[in-house]
Each structure stands twice: as structure tokens, then as C-alpha cells.
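Please work through the exercises below with the model open beside you. Each one sets a task and is followed by a solution in steps.

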Amino acid sequence: MTPAEINEVRHLAAGYAIERAAPFEDVTGLASALVRRYLLTFEESLDDYAASWDASREDPDGCTWPEWAALALDAQARYIGLEIAQCAVAMLDRIESSEGDIHDVMPEAWEIGL
């Protein structure tokens with residue numbers, strides 16, 4: 001994939017991922033921040049996306065989708081965007097489930113340096 005194609009896929013995947021993660025967004029903007037973070041290095045996983053697509057391209061009804069290499073950039077970006085959105089939502093769930101424990105370790109009074 002050329003650098004121009006990677007940039008196009010990044011741009012398209014960002015739109016799809018943010019749209020998918022939007023229902024989980026709150027006033028903090030954490031969902032979209034996670035999406036942006038995961039987009040920074042998505043190209044390192046391009047081979048993994050291709051392998052995952054190719055391994056799962058037959059749907060339960062027996063229809064077979066084209067191989068990764070035959071997909072348009074838009075279709076590749078949708079697939080990548082969906083995975084990135086799923087990662088962001090999974091991380092939001094992890095953060096939410098561990099938030100109650102973050103105040104378990106209070107600082108020492110002397111740490112504020114009065």
C-alpha cells in the first residue's frame with residue numbers, strides 16, 4: 001500500500017470508527033480520543049487485517065466475499081474502522097470496570113510539597 005493509500009484509508013477508517021463509537025461518547029471525548037490513538041499506528045497491522053478478512057470472508061449463509069487484495073480502499077477502511085471502534089469500546093469498558101479502584105491509593109500528605 002502506498003503512503004497516499006494509507007492516508008486515504010486512515011481518513012476513511014477514522015470516519016467509520018468515530019461513527020461506530022459515537023453512541024459510547026460522553027462529554028470527555030474519550031471514545032474519539034481512543035479512536036484517534038489507535039489510528040496513529042493502524043498501518044502496522046495491515047497484514048493482520050488482511051489475514052483476518054481472508055480467514056473470515058465466507059459468511060454464515062455461504063456467500064464468499066472477495067479477497068482483501070481485491071477490495072476497494074473504502075471497503076478496507078470500513079473493516080479497519082469497525083475493528084478500531086471495537087477496540088475503543090472494549091477499552092472504554094475496561095476503564096469503566098476499573099474506575100472504582102483508582103482511589104484506593106491515596107497520596108501521602110507530604111507529597112503536595114507545602
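The exercises go from the overall fold to one helix, then to the aromatic rings and a few single residues.

The model is predicted, so local features need pLDDT of at least 70 and side-chain atom pairs count only at pLDDT 80 or more, while totals for chains, interfaces and linings use all residues. Residues are numbered from 1 along each chain as its sequence is written, and side-chain values use heavy atoms, with hydrogens and water left out.

**Exercise 1. Overall fold**

Determine how many helices and strands the protein chain has, and compare its radius of gyration with that of a compact globule.

Step 1. Taking helices (H or I, at least four residues) and strands (E, at least two) as DSSP runs numbered from the N terminus, one finds four helices and zero strands in the protein chain, in the order α-α-α-α along the sequence.

Step 2. The radius of gyration, taken over C-alpha atoms, is set against a globule rule of 2.2 Å times the number of residues to the power 0.38; for 114 residues a compact globule would come near 13 Å, but the protein chain has 19 Å.

Step 3. Along the principal axes, the C-alpha atoms fill a box of roughly 65 × 35 × 25 Å.

Step 4. With buried meaning under 20% relative accessible area, exposed over 50% and partly exposed in between (1.4 Å probe, protein chains only), buried residues account for 28% of the 114 residues.

**Exercise 2. Helix α4**

Check whether the end-to-end distance of α4 agrees with its expected span, and identify what covers its buried residues.

Step 1. The expected span is 1.5 Å times one less than the number of residues, so the 26 residues of α4 should span 38 Å, and the 37 Å between its end C-alpha atoms agrees with this.

Step 2. The buried residues of α4 include Leu 73, Gln 76, Ala 77, Ile 80, Ile 84 and Ala 88.

Step 3. An α-helix has 3.6 residues a turn, so residues three or four places apart point the same way.

Step 4. The cover over the buried residues of α4 includes α1 (3–21), α2 (30–39) and α3, where contact means heavy atoms within 4.5 Å.

**Exercise 3. Aromatic pairs**

Count the aromatic pairs, and find which residues the ring pairs link into a cluster.

Step 1. Rings of Phe, Tyr and Trp (its six-membered ring) pair if their centres lie within 6.5 Å, and planes under 30 degrees apart count as stacked, over 60 as edge-to-face and the rest as tilted; by this rule there are four aromatic pairs.

Step 2. One of them is the edge-to-face pair of Trp 53 and Trp 65, with 6.1 Å centre to centre and 80° between the planes. This pair links Trp 53 in helix α3 (residues 46–55) with Trp 65 in the loop between α3 and α4 (73–98), twelve residues apart. Trp 53 counts as buried at 12% relative accessibility, whereas Trp 65, at 45%, counts as partly exposed.

Step 3. Trp 68 and Tyr 79 have ring centres 5.8 Å apart and planes at 65°, so this pair is edge-to-face as well. Trp 68 lies in the loop between α3 and α4 and Tyr 79 in helix α4, so the pair ties together parts eleven residues apart in sequence. Both Trp 68 and Tyr 79 are buried.

Step 4. Ring pairs thus join Trp 53, Trp 65, Trp 68 and Tyr 79 into a cluster.

**Exercise 4. Leu 46**

Decide whether Leu 46 is buried or exposed, and list what Leu 46 touches.

Step 1. Leu 46, in helix α3, counts as buried because its relative accessibility is 15%.

Step 2. Leaving out residues up to four places away in sequence, Leu 46 touches Met 1, Ile 6 and Ile 80.
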